[in-house]
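Okay, thanks for coming, everyone. Let me put the structure up, and then I'll walk you through it.

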Amino acid sequence: MNMLNALHCYIDGKFQPSESYFDNISPINGEKIADIAEASPQQIDSAVHAAKQALKGDWGQMSVQQRSLLLHKVADRIEARLSEFIDAEIADTGKSLHQVETIDIPRAAANFRTFADLAKFHTGETFVTDTLSGEQALNYSINKPLGVVAIISPWNLPLLLATWKIAPALACGNCVILKPSEETSSTAFLLAQVMDEVGIPNGVFNLILGRGNKVGDLLTEHSKVDAITFTGSSSTGQHIMKKVASGVKPISFELGGKNAAIVFQDADIDKAVAGVARSSFTNCGQVCLCTERVYVHREIYQDFVERLVKAAKAIKIGYPKEPKVLIGPLISKQHQQKVLSYYQQAKKSGAKVLTGGGVPNFGDERDNGCFIEPTIITGLSDQDPINQEEIFGPICHVAMFDSEQEVISRANNTIYGLAAAIWTENLSRAHRVAPKMDVGLVWVNTWFLRDLRTPFGGVKLSGIGREGGAHSMAFYSEATNICINIDKSEK
Ligand code: 6OD
């Protein structure tokens, strides 16, 4: 495996040493794998100033076509260095090769291509306005960049989610400062190399490394940062919102979820079992879209639960590159302890554990890692904290329901509103139920099927705004209206 031994900040087109570094720890065996820079307040300040300056330089003068061409080169270069990106993502997260090569890294390249292309079609609006005096005015809007965008990205889909923001921000002509999670800085570091290699002008892309709130606060509170985009927990979103309130900066947040899957009596049960197993356990349950609450109609409940347990037991956990391994460890010891404490709490509250509930025993170095068992439980009320709080691990609670109305109201009974998955072969039911879900994303007979042009985001504590396609382009642009009065007569 290719190791990146020391990860540095990338500021104004240069990799810079920092005064202090912290350890990058492997979630597979708890061993140190690299040193990661802790950006100083001066480094953060110089990144923001470099970005501000770059807006006035070549980048600010570039045509949309030229920017688009450069972003395509970024995508090409990610693909040219595919195996390095794969190894770096695996080293930081321990996730399976299967996932990294089918989801994480290809999506990063797709993000750049999609927004590079969309930028060419990102136009303003025009209106011809009839005035009271019988004259006319022509209104047209132009899209300007917001300026310097701070991007704070999470550890669960590190490169995928960072580039989901970097690509549209750059496509719209902004300069960016990326602050990846301290758990997963490696692919962000490789991306900085790629930006350098393809000739993204100095200061347009800056990478600030460091730990959580400390570095994040300095960045988001900086008076010269013009907008903030964040994916992560709802509590961090609330924290950032308070910090930036006085600056009244545009924010885009994709936050937590407590997503429901609803399996109706008319579902294709094989597909539903496979789908719910995937939505509950992909990435070891560490996707904001993952299902943690499953509602199954009484008529098929017993059969469905037995099959879901069988599917969960068949999931192979292990080393990322071992054949047939689907899931790896959780991201860190701290997160493992958090998820385990939910497992224990569930047992104390009287949950029946149908499978899992603990830590697998490998009898080797992996016992020092952050592995955990896929877990299925039943028997808790909808109000139990296990059914209300986001756990972000490979666990789902299965409950029984009797009617459509009942299950809609139970599924919606949460402070979150990100995603829902509905399993039914009845077309009318699908169309009747989907719009009634209080979420930003509904999947029917599938889960996490993505088209990057569609609106993506949540309601309630799950976020603010939408990303994807025209929605991202709108967020990263400042629409400016120009109104021209047209005199009626020739003077
Ligand atoms: O697929 C995407 O574009 C996306 N934003 C996924 C988010 C997953 C959150 O963990």
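So, let's start at the ligand: one of its oxygen atoms sits 2.7 Å from an N or O atom in the side chain of Asn156. Before I go on, this is a predicted model, where local features need pLDDT of at least 70, side-chain atom pairs count only at pLDDT 80 or more, and totals for chains, interfaces and linings use all residues. Residues are numbered from 1 along each chain as its sequence is written, and side-chain values use heavy atoms, with hydrogens and water left out.

Back to the ligand. Arg107 also has a side-chain N or O atom 2.8 Å from a ligand oxygen. With Cys288 it's a backbone N or O atom, again 2.8 Å from an oxygen of the ligand. The residues around the ligand, meaning those with a heavy atom within 4 Å of it, include Leu157, Leu161, Trp164, Glu254, Val287 and Phe448.

Now the domains. The assignment, which is an automatic or database one, gives domain 1 as 6-255 + 462-481 and domain 2 as 259-444. Their C-alpha centres are 31 Å apart. In the contact (heavy atoms within 4.5 Å) there are 25 residues from domain 1 and 27 from domain 2.

How much area is buried between the two? About 2,100 Å², with carbon and sulfur atoms giving 59% of that. Buried area here is the accessible area, taken with a 1.4 Å probe, that two parts lose on being put together, summed over both. On the domain 1 side, Ile28, Trp155 and Ser462 lose the most, together 26% of what that side buries.

What about charges? The rule finds one salt bridge across this interface, that is, a side-chain nitrogen of Lys or Arg within 4 Å of a carboxyl oxygen of Asp or Glu. Lys321 pairs with Asp87 in a salt bridge, closest N and O atoms 2.8 Å apart. There are also 11 residue pairs in polar contact across the interface, both residues at pLDDT 80 or more. For those, we want N or O atoms within 3.5 Å, one able to donate a hydrogen and the other to accept it, and residues adjacent in sequence count only if both atoms are side-chain atoms.

Last thing: the overall salt bridge count comes to 29. Another bridge to look at is Lys243 with Glu221, at 3.4 Å from N to O. Those two are 22 residues apart. Okay, that's my tour.

Methods:
Helix = DSSP H or I, 4+ residues; strand = E, 2+ residues; numbered from the N terminus.
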